[in-house]
Amino acid sequence: MSGSSDDQARLRTGRLAELGLMTATLTHELRQPLFAIRSLAQLAQMAQSSEDGPGNRHLAELVRQTELMEQIVATVGAYARDDTGILAPVDLEAEIKSALGLLTHLSKQKGVGIECEYHGSLLPVVGESTAILQVLVNLFQNAVDASPSMGSVSVRTQLESGQVMLYVEDEGSGVPVELRERVFEPFFTTKDPEKGTGLGLFLARELIERCRGELSLVDGDKGACFEIRLSTWG
């Protein structure tokens, strides 16, 4: 039995090493085309005759989204280098709104509503904005994917003893008790192979822990419910 556990540990270590190498390679290769896309969009912006035209607004959004992608690539690259980064106060409500904005098309396409409920004024939290945004996009997308058409995803916050708790709950079939911890293992997924790599929740937990927070799967009223705990700043 011990030999089997040792083999699994070695396999996991090998996979993580491969993941680190793959991540470093991808971040290196993606930086140049992202920079080129942003530069071309900015040049096209300058060539627009009307600053208020819809074309220019679309280009401005393209530049903004490309800059966000560059930040995400930088964050993932720092993760691969085991770089903890610099923690700062983060406006969690603003990051929630940004993540929901990025998933508007997906939620509308599937016919899934997203309901937000904020308990009190959210205080700034300790973290790194790009890392938190990545985690929120991952959790929101998973929740939309798990919920049935015409279902809804619940996003709610709670302030307690110097911590902000964020809950993301879907209306899917939930996660069996025996798989609750495994969902955070690298390469473990309950999705079809073409729909999931099994890395999203693993990386999400790692990023939240780098923000001195916690990500866990907790009991919910409907489907799967994920809880993020972050310390308030100051």
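Visitor: Which residues line the largest cavity?
Guide: This is a predicted model, and the structure holds one cavity of 30 Å³ or more. The residues lining the largest cavity are Leu 139, Asn 142, Ala 143, Val 168, Asp 170, Ala 224 and Phe 226.

Visitor: Which helix gives the largest share of the lining of the largest cavity?
Guide: The lining includes Leu 139, Asn 142 and Ala 143. Three residues of the lining come from one helix that spans residues 129-146, and this is the largest share. That helix is H5.

Visitor: How many residues of the lining of the largest cavity are nonpolar, and how much space lies in that cavity?
Guide: By class, the lining has one charged residue, one polar residue and five nonpolar ones. The space in the largest cavity is about 40 Å³.

Visitor: What pattern does the chain follow along the sequence?
Guide: The chain has six helices and seven strands. Read along the sequence, these elements give α-α-β-α-α-β-β-α-β-β-α-β-β.

Visitor: What share of the residues of the chain counts as buried?
Guide: The chain exposes about 13,600 Å², with 54% of this area supplied by carbon and sulfur atoms. The chain has 234 residues, and the share that counts as buried is 36%.

Visitor: Among contacts between residues at least 6 apart in sequence, what share joins residues at least 24 apart?
Guide: One pair of residues far along the chain from each other is Gly 151 and Gly 111, 40 residues apart, with C-alpha atoms separated by 7.3 Å. Gly 151 also touches Gly 111. For the chain, the share of contacts joining residues at least 24 apart, among those at least 6 apart, is 72%.

Visitor: Is Gly 151 buried or exposed, and which residues does it touch?
Guide: Gly 151 is found in the loop between H5 and strand S4. Its relative accessibility is 8%, under the 20% limit, so Gly 151 counts as buried. Leaving out residues up to four places away in sequence, Gly 151 touches Gly 111, Val 112, Gly 113 and Glu 171.

Visitor: Why does Gln 158 count as partly exposed?
Guide: Gln 158 is found in strand S4. Beyond residues up to four places away in sequence, it touches His 119, Gln 163, Val 164, Met 165 and Tyr 167. Partly exposed lies between 20% and 50%, and Gln 158 falls in that class because its relative accessibility is 31%.

Visitor: How many Å separate Gln 158 and Glu 117, C-alpha to C-alpha?
Guide: In sequence, Gln 158 and Glu 117 are 41 residues apart. In space, C-alpha to C-alpha, the separation is 9.1 Å.

Visitor: Which residues is Asn 138 in contact with, leaving aside its neighbours within four places in sequence?
Guide: Asn 138 is found in helix H5. With a relative accessible area of 19%, against a limit of under 20%, Asn 138 is buried. Its contacts are Gly 200, Leu 201 and Ala 204.

Visitor: Which residues of helix H6 are buried?
Guide: Helix H6 covers residues 200-210. Two of its buried residues, Leu 201 and Ala 204, are also in contact with Asn 138 of H5. The buried residues of H6 are Leu 201, Phe 202, Ala 204, Arg 205, Leu 207, Ile 208 and Arg 210.

Visitor: Which residue with a positive phi follows H6?
Guide: This residue lies in the loop between H6 and strand S6. Its phi is about 60 degrees although it is not a glycine, and its relative accessible area of 64% makes it exposed. The residue is Arg 212.

Visitor: Near what value is the phi of Ser 161?
Guide: Ser 161 lies in the loop between S4 and strand S5. It is exposed, because its relative accessible area of 74% is over 50%. Ser 161 is a residue other than glycine, yet its phi is positive, near 50 degrees.

Visitor: How many disulfides does a search of the whole structure find?
Guide: Cys 211 counts as buried at 2% relative accessibility, and Cys 225 is buried at 0%. A disulfide would need a pair of cysteine sulfur atoms within 2.5 Å. The number of disulfides found in the whole structure is zero.

Key. Residues are numbered from 1 along each chain as its sequence is written. This is a predicted model: local features need pLDDT of at least 70, side-chain atom pairs count only at pLDDT 80 or more; totals for chains, interfaces and linings use all residues. Side-chain values use heavy atoms; hydrogens and water are left out. On a 1 Å grid over the protein atoms alone, a cavity is a set of points where a 1.4 Å probe fits but cannot get out, and a pocket is an open set with protein on both sides within 12 Å along at least five of seven lines; lining residues have an atom within 4 Å of a point. Grid points are joined across faces, edges and corners, and a volume is the space filled by probe spheres set on the points. Helices (H or I, at least four residues) and strands (E, at least two) are DSSP runs, numbered from the N terminus. Ala, Val, Leu, Ile, Met, Phe, Trp, Tyr, Cys and Pro count as nonpolar, Asp, Glu, Lys and Arg as charged, and the others, Gly among them, as polar. Buried means under 20% relative accessible area, exposed over 50%, partly exposed in between (1.4 Å probe, protein chains only). Contact means heavy atoms within 4.5 Å. Accessible areas come from the Shrake-Rupley method with a 1.4 Å probe; for residues, only the protein chains shown count as cover.
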